[in-house]
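Biologist: Please take a close look at the aromatic side chains of this model. I would also like the charged side chains covered afterwards.

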Amino acid sequence: MPTALDYLIFDYSEDEEACATWDAMATVTADRWPALQAEVLQVLHWAEQQFPRQRGALDEGATWDFDISLGDSTGRDLRAVVQGQPLALQHAALPATGTVTLTLTLTGRAAFADALLQAFDLE
């Protein structure tokens, strides 16, 4: 059964080499940040588990990759980095008020694309 996502709503595109790209943006208040962060890490953990040691630049032969950014409502970059085992999202301090906006881009080859579509019921 596919996993439902509550915060990440992906837009899909494909390039001329059949590499798939999913872009998602979510804006939340500080009290919703832990749930959004958990959802992002759930997706990235799934990718790491299903396609271990296959992350990297697609033009260099990798199967999948991602890019992430985080900013606050004033436009300040919160320097988001995902690293470690288990994966952890590290970032600058969140603002006490206002919102934070996370952008996640996933790219992948056909096998990754098919598996991601099934795992998270993406269209």
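Modeller: The aromatic rings come first, then the salt bridges, then one loop arginine. This is a predicted model, in which local features need pLDDT of at least 70 and side-chain atom pairs count only at pLDDT 80 or more, while totals for chains, interfaces and linings use all residues. Residues are numbered from 1 along each chain as its sequence is written, and side-chain values use heavy atoms, with hydrogens and water left out.

A pair of aromatic rings is described by the distance of the centres and the angle of the planes. Here, rings of Phe, Tyr and Trp (its six-membered ring) pair if their centres lie within 6.5 Å; planes under 30 degrees apart count as stacked, over 60 as edge-to-face and the rest as tilted. Searching the whole structure gives eight aromatic pairs. One of them joins Trp 22 and Phe 112, edge-to-face, with 6.4 Å between the centres and 65° between the planes. This pair links distant parts of the chain, since Trp 22 sits in strand β2 (residues 20-29) and Phe 112 in helix α2 (residues 110-120), 90 residues apart. Helices (H or I, at least four residues) and strands (E, at least two) are DSSP runs, numbered from the N terminus. Both Trp 22 and Phe 112 are buried; buried means under 20% relative accessible area, exposed over 50%, and partly exposed in between (1.4 Å probe, protein chains only). The rings of Trp 64 and Phe 66 have centres 6.2 Å apart and planes at 20°, so this pair is stacked. Trp 64 and Phe 66 are buried as well. One aromatic cluster is formed by Tyr 12, Trp 22, Trp 46, Phe 51, Trp 64, Phe 66, Phe 112 and Phe 120.

As for charge, a salt bridge is a side-chain nitrogen of Lys or Arg within 4 Å of a carboxyl oxygen of Asp or Glu, and the count by this rule is two. In one, Arg 55 meets Asp 65 at 3.0 Å, N to O. Arg 55 belongs to the loop between α1 (33-50) and β3, and Asp 65 to strand β3, ten residues apart. With a relative accessible area of 42%, Arg 55 is partly exposed. Asp 72 and Arg 76 form a salt bridge too, their closest N and O atoms 3.0 Å apart. Asp 72 is buried at 10% relative accessibility, whereas Arg 76 is partly exposed at 37%.

Arg 79 lies in the loop between β3 (64-72) and β4 (81-83) and is exposed, at 56% relative accessibility. Leaving out residues up to four places away in sequence, Arg 79 touches Leu 70, Gln 90, His 91 and Ala 92, where contact means heavy atoms within 4.5 Å.
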